[in-house]
Amino acid sequence: MIEVAAGIIRRADKLLICQRGADGDCANLWEFPGGKREAGESFAQCLERECREELGIRVRAVRPVAETVYTYPERTVHLSFWEAQWLEGTLEKRVHAQMVWVAPGELGNYAFCPADRDIVLQLQKG
Ligand SMILES: Nc1nc2c([nH]c(=O)n2[C@H]2C[C@H](O)[C@@H](COP(=O)(O)OP(=O)(O)OP(=O)(O)O)O2)c(=O)[nH]1
């Protein structure tokens, strides 16, 4: 099972969502930024590292908000979603096709990774 941490990062009542690139898993679909946990890392440390590496920002993982296990045709992922606080840095589009801030009510306009269905529904409720 692949373990992944993903962050719910808020700014002025909006959430940061990112579109995955055209190659690889969940190509072109939207996600919450994060990535695969490495050996010896907690989910919180993983999220903080991935945000540094992939977005160029420093965040603090504040609290876990949801857990999902989802089986794609090729693999099963265990996703740990965390509320994260932006500490410093400016967003840099290093790996994603797009990064946008959206109001929770607008999340339905984006095609998310299938594993994100429940967290998206939860966030839409506010
Ligand atoms: N980051 C993230 N990944 C998600 C979400 N939903 C979802 O199904 N995934 C899946 C897509 C991928 O199969 C996996 C994350 O792996 P990844 O390829 O982004 O991880 P990574 O940044 O560590 O990449 P790499 O080093 O393996 O290239 O989790 C989500 O909301 N955020």
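Student: In this predicted model, how many of the six residues of strand β2 are buried?

Tutor: Strand β2 covers residues 14-19 of the predicted model. A residue counts as buried when its relative accessible area is under 20%, and by that cut-off the strand is mostly covered. Of its six residues, the number that are buried is five.

Student: Which strand does β2 join through five bridges?

Tutor: Strand β2 has several partners, and the bridge counts tell them apart. With β1 there are two bridges, and the strands run antiparallel; with β3, residues 30-31, there are two bridges, again in the antiparallel sense. Within these pairings, arginine 11 stands opposite lysine 14 of β2, and cysteine 18 has glutamate 31 in β3 as its bridge partner. The five bridges, also antiparallel, and including the pair of leucine 16 with tryptophan 101, join β2 to residues 98-102, which form strand β7.

Student: Which residue in the hairpin of β1 and β2 takes a positive phi?

Tutor: The hairpin of β1 and β2 has two residues between its strands. The phi in question is near 50°, and the residue that takes this value is alanine 12.

Student: Cysteine 26 and asparagine 28 both lie in the loop between β2 and β3; which of them is buried, and which is partly exposed?

Tutor: Each has a positive phi although neither is glycine, with cysteine 26 near 50° and asparagine 28 near 65°. The relative accessible area of asparagine 28 is 40%, so this residue is partly exposed. For the other residue the value is 15%, which is under the 20% cut-off, and therefore the buried one is cysteine 26.

Student: In which sense does β6 run relative to β1, parallel or antiparallel?

Tutor: Strand β6, residues 76-89, pairs with β5, residues 57-71, in the antiparallel sense over 13 bridges, among them the one between arginine 60 and glutamine 85, and a hairpin of four residues joins β5 to β6. With β1, residues 2-11, strand β6 shares eight bridges, and alanine 6 of that pairing has phenylalanine 81 in β6 as its partner. The sense in which β1 and β6 run is parallel.

Student: Which element gives the most residues to the lining of the largest pocket?

Tutor: The largest pocket holds about 450 Å³ of space, and of the 25 residues that line it, Val4, Arg20, Glu31, Gly34 and Gly35 are the closest to its centre. By class, the lining comprises 13 nonpolar, four polar and eight charged residues. At least two residues each come from β1, β4, α1 and β6; the element that gives the most, with four residues, is β1.

Student: At what distance from a polar backbone atom of phenylalanine 32 is a nitrogen atom of the ligand?

Tutor: Around the ligand there are 18 residues, and those that come nearest are Phe32, Lys36, Glu54, Tyr72 and Asp116. Oxygen atoms of the ligand also approach side chains, with an N or O atom of glutamate 50 at 3.2 Å and an N or O atom of arginine 75 at 3.1 Å. For the ligand nitrogen and the polar backbone atom of phenylalanine 32, the distance is 2.6 Å.

Terms used: Residues numbered from 1 in each chain as written. Predicted model: local features only at pLDDT ≥ 70, side-chain atom pairs only at ≥ 80, totals over all residues. Heavy atoms only, no water. Pairing = 2+ DSSP bridges. 1 Å grid on protein atoms, 1.4 Å probe; cavity = no way out; pocket = protein on both sides within 12 Å on 5 of 7 lines; lining within 4 Å. Points joined across faces, edges and corners; volume = space filled by probe spheres on them. Nonpolar A, V, L, I, M, F, W, Y, C, P; charged D, E, K, R; others polar. Buried < 20%, exposed > 50% of the residue type's maximum accessible area, 1.4 Å probe, protein only. Near = heavy atom within 4 Å. Polar contact = N/O pair within 3.5 Å; in protein donor to acceptor, adjacent residues only side chain to side chain.
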